[in-house]
Amino acid sequence: MTSMYPGYFISFEGIDGAGKSTHIEAFQKLMQERYPNREVVMTREPGGTPLGEQLRGLLLDAPMNLETEALLMFAARREHIAQVIEPALMAGKIVISDRFTDASFAYQGGGRGLSIDKLNELERWVQGRSSGLLQPNLTILFDLPGEVAEARRSKVRAPDKFEKMDLNFFEKVRQEYLRRAKEDPKRFHMVDATQTPEVIWDGLKKLELNI
Ligand SMILES: Nc1ncnc2c1ncn2[C@@H]1O[C@H](COP(=O)(O)OP(=O)(O)OP(=O)(O)O)[C@@H](O)[C@H]1O
Ligand SMILES: Cc1cn([C@H]2C[C@H](O)[C@@H](COP(=O)(O)O)O2)c(=O)[nH]c1=O
């Protein structure tokens, strides 16, 4: 929602291995160069606060009930919004978050099958404001077929709980991301992540933002 705060909120999304991390730091630098009078805050979900990072440790490793998982994702998000995102946006900063609520819809909803009504309720609870829902102004979605992402994912580091999921899970996650993007085309910028990193970066550099 563009007019809610003086700042600007950008999220990066995609299935694991789609290529967000490859571009996010360079994108932060690009924003800082382009908008030298604005502070650029880089953060991530789950995480972004000391409590959120503790919850991340649990969420990425411990087996748990699906509703517990969704509630903890939103609990970490509530803290993140209160401590980091909202104060930065109110101060006119640019916030870049590696994942936000679209990931809950995609992973807990699409992937795991939690009802979208329940996710909508949690979203309203955590992000509802008198002027509407706190949402990113821009969401950059790296879209990639599950099998390509699987082949790209690191074989060096041990996979976390989500990265261990099968192709069918990631295809459902991807489809929910695509459904969300179709529902809100003004907010989403789609990246065809099958392209080379150079081509993807050229596209990101050309993005015109209404900051
Ligand atoms: N466009 C690309 N073409 C080929 N390989 C790529 C491309 N983008 C990233 N990679 C490689 O794919 C792997 C996964 O990329 P990256 O870590 O950026 O994904 P990610 O979406 O951030 O994953 P995660 O969400 O699990 O952190 C890395 O080894 C990276 O070098
Ligand atoms: C915010 C959020 C994240 N997830 C999942 C998606 C990823 O598998 C991990 C985070 O790992 P990353 O390397 O930092 O991308 O968490 C989720 O299932 N639901 C969420 O709301």
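A residue is counted as near a molecule when its C-beta atom, placed from the backbone, lies within 6 Å of that molecule. In the predicted model described here, the residues that surround ligand 2 under this criterion are Asp 16, Arg 44, Glu 45, Pro 46, Met 73, Asp 98, Arg 99, Ala 103, Ser 104, Tyr 107, Gln 108 and Phe 162. Helix α4 makes the largest contribution to this shell, with four residues, and by residue class the shell divides into five nonpolar, two polar and five charged members.

Two members of the shell around ligand 2, Pro 46 and Arg 99, have backbone geometry that merits separate description. Most residues other than glycine have a negative phi, and most peptide bonds are trans. The peptide bond that leads from Glu 45 to Pro 46, by contrast, is cis, with an omega near -10 degrees, and Pro 46 is situated in the loop that runs between β2 (40-44) and α2 (50-61). Arg 99, for its part, has a positive phi, near 80 degrees, although the residue is not a glycine, and its place is in the loop between β3 (94-98) and α4 (101-111). With 23 other C-beta atoms within 10 Å, Arg 99 reaches the threshold of 20 or more and is therefore classed as buried.

The shell around ligand 1 comprises 13 residues, of which Asp 16, Gly 19, Ser 21, Thr 22 and Arg 152 come nearest. The elements that supply two or more residues to this shell are α1 (20-34) and α8 (197-205), and the largest share, three residues, comes from α1. In terms of residue class, the shell around ligand 1 is made up of four nonpolar, six polar and three charged residues. Asp 16 is listed both among the residues that come nearest to ligand 1 and among those around ligand 2. Arg 152 belongs to helix α6 (residues 146-152) and is partly exposed, having 15 other C-beta atoms within 10 Å. Although Arg 152 and Gly 19 are 133 residues apart along the chain, their C-alpha atoms are separated by 8.8 Å.

As regards the overall fold, the secondary structure of the protein chain amounts to eight helices and seven strands. The radius of gyration is 16 Å, close to the 17 Å that the globule rule gives for 211 residues, so the chain is as compact as a globular protein of that length. Taken along the principal axes, the C-alpha atoms fill a box of roughly 45 × 40 × 30 Å. Of the 211 residues, 40% count as buried, and among contacts between residues at least 6 apart in sequence, 81% join residues at least 24 apart.

Strand β3 takes part in two of the parallel pairings described here: β2 and β3 pair in this sense over five bridges, and strand β1 (residues 8-14) is likewise paired with β3 over five bridges. On the side of β2, Val 40 has Ile 94 of β3 as its bridge partner, while Met 42 is bridged to Ile 96. Ile 96 is also the bridge partner of Ile 10. Four of the five residues of β2 are buried, so this strand is largely enclosed by the rest of the structure; for β3, too, four of the five residues are buried, and the strand is therefore largely enclosed in turn.

In soluble globular proteins, nonpolar side chains tend to be buried together. The largest nonpolar core of the model contains 43 residues, of which Ile 10 and Val 95 touch the most other members, and helix α3 (residues 66-90) gives the most to this core, with seven residues. When neighbours within four places in sequence are left aside, Val 95 is in contact with Gly 7, Phe 9, Ile 10, Val 41, Thr 43, Ile 85, Ala 88 and Leu 89.

A further arginine, Arg 112, is located in the loop between α4 and α5 (116-127). Arg 112 is partly exposed, with 16 other C-beta atoms within 10 Å, and its contacts, apart from neighbours within four places in sequence, are with Leu 66 and Tyr 107. The C-alpha atoms of Arg 112 and Leu 66 are separated by 7.5 Å, the two residues being 46 residues apart along the chain. Tyr 107, the other contact of Arg 112, is itself one of the residues around ligand 2.

Notes
Residues are numbered from 1 along each chain as its sequence is written. Chains are lettered from A and ligands numbered from 1 in the order in which they are written. This is a predicted model: local features need pLDDT of at least 70, side-chain atom pairs count only at pLDDT 80 or more; totals for chains, interfaces and linings use all residues. A nonpolar core is a set of buried Ala, Val, Leu, Ile, Met, Phe, Trp, Tyr and Cys residues joined through C-beta atoms within 7 Å. A residue is buried if 20 or more other C-beta atoms lie within 10 Å of its own, exposed if 12 or fewer, and partly exposed in between; C-beta atoms are placed from the backbone. Two residues are in contact if their C-beta atoms, placed from the backbone, lie within 7 Å. The radius of gyration is taken over C-alpha atoms; the globule rule is 2.2 Å times the number of residues to the power 0.38. Ala, Val, Leu, Ile, Met, Phe, Trp, Tyr, Cys and Pro count as nonpolar, Asp, Glu, Lys and Arg as charged, and the others, Gly among them, as polar. Two strands pair if DSSP finds at least two bridges between them.
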